[in-house]
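Visitor: Pick one sheet in this model and walk me through it closely, strand by strand. Then follow the chain on to any backbone oddities worth a stop.

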Amino acid sequence: MKAKQIFEKLFAHWPAKILCFVMALLLYFFYQVSQMNTKAIPVKLTVSSDGLLMPVNSYPKHVRVTVRTSPEYIAKITEDGITAELNISNYVKPGEYKVPVNIDFSSDLLLIEPLEVHVTPDTIPLTLEEKVFTNVKVTPVFEGSLPPGYETGNISVFPKTVRISGPASIIGQIKELQTDKVDLSDYTASFSQQAKLVRNTSLINIEDKPSVSVSVEVKPVQQEMAYSDIPVYFTYLPHHLQVAGTVPVVSFKVSGIQSDLGSLNVDNYTVQADCSSVTQPGEYELPLSYLLPSTVTVVEKSAETVKVQIVQKPKEPSPGQKP
């Protein structure tokens, strides 16, 4: 009898008891919710692709991840423990798609309970194109100027080309990749340095190293200086002979760096005619020598030889003899 009474009491007024139980659960749930804190975190969005397609349109670089959890856990949840990814590896045909944003947490954050997560936006529209590869040349870019008196010579880049990849419509328009600007200021000697390659759009990838070696030849500026009416000096002329008439003059032009030309001394002995073959009076064509420092170069001259009339030198009167 007692068991029957207990059973009857247990199921007596059962609708009211069930309603009370449900209300108690709701009150507990709302209490737990009221005790949870909310935190919005910007998370970097990446694209993962193991296939032959890649996005060609721009897309958000970050998404907002909103988390709700107990106060003791909320401070532990940071951007470092959350990743957001668009996985397009399963798409095989070019076209327009709404790709879901996949959220993942570090192992320590996965142990947190309770934990509610919402991501905004939860899908990203992407236009996918075929991924292609090509080689393009590298062009160095410079800024600044060399000090006065210096100029650039040979300029080389290694490697001369790099391999890039990206959407077919964009890769087809790229003919070269430029480097970061290389500053020429203050260089007075040849140099080499590393320079990063510049991507005009984030949609292309550099498959090789992201930097190249730029070598620049720096040399002094070559200047020219002209000299005219320089008398010819006759060497090894026998003492009893002389040049008839006026001493011939020549003109020439030399090339060299500014400092060497500034210290160049041109005098009456600079241009010489070798008279070692002259033994008697007559008409001779004698080779000319331009005696200049090795640091300068004769680039132009009015004569390689000189034609002269060699005559007997008048005898000097003996002592006591009238001229």
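Guide: Here is the sheet, followed by a few odd spots in the backbone.

A word on ground rules: this is a predicted model, so local features need pLDDT of at least 70 and side-chain atom pairs pLDDT 80 or more, while totals for chains, interfaces and linings use all residues. Residues are numbered from 1 along each chain as its sequence is written, and side-chain values use heavy atoms, with hydrogens and water left out.

So, the sheet. Reading across, you get β6-β4-β1-β3-β7: 5 strands in an open sheet with mixed pairing. Strands here are DSSP runs of E, at least two residues each, numbered from the N terminus, and two of them pair if DSSP finds at least two bridges between them. The edges belong to β6 (102–105) and β7 (115–120), each of which pairs on one side only. On average, neighbouring strands of this sheet are turned by 30 degrees against each other, direction ignored; the axes are lines fitted to C-alpha atoms.

Now zoom in on the β7 edge. What joins β7 to β3? There are 6 bridges between them, and the two strands run antiparallel, with β3 spanning residues 62–69. If you want one pair to click on, take V65, whose bridge partner in β7 is V119. As background, strands of a sheet pair through backbone hydrogen bonds, parallel or antiparallel.

Keep following the chain out of β7. The peptide bond between T120 and P121 is cis, with omega about -10 degrees. P121 sits in the loop between β7 and β8, and β8 covers 123–143. There is a cis bond between F158 and P159 too, this one with omega about -5 degrees. P159 is in the loop that links β9 (150–158) to β10 (161–167).

Two phi values also deserve a look. D229 is not a glycine, yet its phi is positive, near 55 degrees. D229 lies within a strand, β15, which runs over residues 222–235. The residue counts as exposed because its relative accessibility is 57%, and exposed means over 50% relative accessible area, worked out with a 1.4 Å probe on protein chains only.

Y236 is another residue other than glycine with a positive phi, near 60 degrees. Y236 belongs to the loop between β15 and β16, where β16 is 241–243. Its relative accessible area is 65%, so Y236 is exposed.

Key: Helices (H or I, at least four residues) and strands (E, at least two) are DSSP runs, numbered from the N terminus. Axes are lines fitted to C-alpha atoms, for helices over the stretch in contact, and angles run from 0 to 180 degrees between N-to-C directions. Buried means under 20% relative accessible area, exposed over 50%, partly exposed in between (1.4 Å probe, protein chains only).
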